[in-house]
Amino acid sequence: MGSVSLIALLVAAVAFSAGGILIGQILVKGSKNPQKGQAYECGIPTITSPWHQFNVGYYLFALLFLIFDVELIFLYPWAVVVKQVGIVALFEILVFIFILFMGFLYAHKKGALQWS
Amino acid sequence: MSHEKAINDLKIKSSMFSLEGITSSLHQWLYATLSPTFALLAECVIVILLAIALFAALGLVLVLMERKVAAHIQIRLGPNRVGPGGMFQTVADTLKLIMKEGLTPDKADKFLFNLAPFIVMIVAMLLLAPIAFAKGFQIWDINIGVLYLSAISSLSVIGILMAGWASNNKYSLLGAMRSGAQIVSYELSAGLAILSIVVLSGSLQISDIIAAQENGWWLFKGHIPVIISFVIFIIAVTAETNRAPFDLAEAESELTAGFHTEYSGMRFALFFLAEYINIFIVCAIGATLFLGGWMPLHIGHWEGFNHIMDYIPSSIWFFGKTIFLIFLIMWFRWTFPRLRVDQLLNLEWKYLLPISMLNLILVTIIAIFGWHF
């Protein structure tokens, strides 16, 4: 099958999830209670919203991930043809990875990989 | 000569009952009797039904398998009350979950909260497309199969972040952030490990990669570098599926349940199911790339041995390898203690990523000079 199969799978996923949730909602007779709508924590009422600042470390790792993920995208077409191109492709990728590795070492030296 | 003829007859007979024979004859029959549009529609309906059936079956089997493996490693019996040997325990659990009320917290972002389980399920379902379950039994043999798999699988983090953010719960948000950092980090070394197989096979298409392993699986043909990338791949996918020892995104003792703390009823069941489906899919990818997918165990020029192995159906080979890898990942859970978040990121960024980059160069040298078998 061609690309239509992706639409079929999409329909299958939505039908499966929506069907399950709908059956649950039809079968269950819920009770009303203001306590039910509260966030699940230790039992005492929650103070402050969780939607505020969090550790900047996650952001740093996300940035680093972006760099290396783009690198990975460049490597895919290279990986397909490397056997045909031969030794030239090897040297080219050595240069590519060397430059990237320097950047990686710089990030390491700057302490971006340190979780604080 | 009559001996060879008999073997050929047997092959034809066995191919009639193989999945490949069934799918191709069904395809021909549909297009012969119906107009192309309706035939395509009928095939879509068959794919939808099969995919849903596979999801349900995998959910039931893998949850039971997890509990049984856990029980036997801890020298207990595990579920053994519902059905013979506890076979129907998961069915009973699912019925219970259906009967539970699906709550939405008052302060939650209602739209995103309800959308998140759908995203996670859609991603899990779309990943089925290029997986070869048996010889000629593949939903869509995309020519960029490996790229498709890594692209779609990285979408699941969006569903997880969405769930954690929308819940308006501190545990959920913390779990989702940890999970996001972990998934994106380990995706890199998983991608590099996959690339080493692409370099060796010279193709991104799943069927080409399997065909390249006809005279031996890459794990055995590729010397030590491929073994290294296999180990890195297994570690990375264990982390990507949030399994122990990398399960700090849903560490029960500190975050109750991580990103799905606020979910209950069927929505929780969908997250739970998607988690197990994802384990199955990453193990299927690992089995396809490193262990030959549906390809039987072939050793070089041992014709007789290869012949005997060919008689075992390809679907059994595929599911056997996949279940073996799943068992391996379940085994990890009871062997290694949970990592801390800084240890987790150190392991990826300071060890796995440099090692897998150097390993990729080694694999390239092997591939260019043809030093593999």
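In this predicted model, the C-alpha centres of domain 1 and domain 2 of chain B sit 20 Å apart. The domain assignment puts domain 1 of chain B at residues 17-99 and domain 2 of chain B at residues 106-369. Across the boundary, 20 residues of domain 1 of chain B are in contact with 22 residues of domain 2 of chain B. On the domain 1 side of that boundary, three helices of chain B each supply at least two residues: α2 (19-33), α3 (36-73) and α4 (89-98). Helix α3(B) has the largest share there, with 11 residues. Sorted by class, the side of domain 1 of chain B that touches domain 2 of chain B has 12 nonpolar, 6 polar and 2 charged residues.

Now for the partner, chain A. Chain A is built from 3 helices and 0 strands, and reading along its sequence gives the pattern α-α-α. Chain A is also more spread out than a compact globule, because its radius of gyration is 25 Å, well over the 13 Å that the globule rule gives for 116 residues. Along the principal axes, the C-alpha atoms of chain A fill a box of roughly 70 × 50 × 15 Å. Just 18% of the 116 residues of chain A count as buried.

How do the two chains meet? In total, 51 residues of chain A are in contact with 63 residues of chain B. Helices α1 (4-27), α2 (57-85) and α3 (87-110) of chain A each put at least two residues into the side of chain A that touches chain B. Of these, α1(A) gives the most, with 18 residues. When the residues on this side of chain A are split by class, 38 turn out to be nonpolar, 10 polar and 3 charged.

Next comes the inside of the structure. The largest nonpolar core has 128 residues, and those with the most contacts inside it are A:Leu9, B:Met125 and B:Ala236. Helix α8(B) provides the largest share of this core, 19 residues. Both domain 1 (17-99) and domain 2 (106-369) of chain B give residues to the core, so it lies between them. In soluble globular proteins, nonpolar side chains tend to be buried together. Setting aside residues up to four places away in sequence, B:Met125 touches A:Leu9, A:Ala12 and A:Ala13 from chain A, plus B:Ala51 from chain B.

Helix α6 of chain B (residues 145-153) gives a view of how burial works out along one helix. Its buried residues are B:Gly145, B:Val146, B:Leu147, B:Leu149 and B:Ser153. What covers these residues of α6(B)? The cover includes α2 of chain A, along with α7 (156-166), α8 (170-201), α9 (206-211) and α13 (265-290) of chain B.

Finally, two asparagines of chain B deserve a look for their backbone angles. B:Asn168 has a positive phi of about 55° although it is not a glycine. This asparagine, B:Asn168, is in the loop between α7 and α8 of chain B. Is B:Asn168 buried or exposed? B:Asn168 counts as buried because 20 other C-beta atoms lie within 10 Å, and the cut-off for burial is 20 or more. For B:Asn242, which is not a glycine either, phi is positive too, at about 55°. B:Asn242 is found in the loop between α11 (223-240) and α12 (252-255) of chain B. With 22 other C-beta atoms within 10 Å, B:Asn242 is buried.

Definitions and conventions. Residues numbered from 1 in each chain as written. Chains lettered and ligands numbered in written order. Predicted model: local features only at pLDDT ≥ 70, side-chain atom pairs only at ≥ 80, totals over all residues. Domains from an automatic or database assignment. Contact = placed C-beta atoms within 7 Å. Helix = DSSP H or I, 4+ residues; strand = E, 2+ residues; numbered from the N terminus. Nonpolar A, V, L, I, M, F, W, Y, C, P; charged D, E, K, R; others polar. Rg over C-alpha atoms; globule rule 2.2 N^0.38 Å. Buried ≥ 20, exposed ≤ 12 C-beta atoms within 10 Å, placed from the backbone. Core = buried A, V, L, I, M, F, W, Y, C linked by C-beta atoms within 7 Å.
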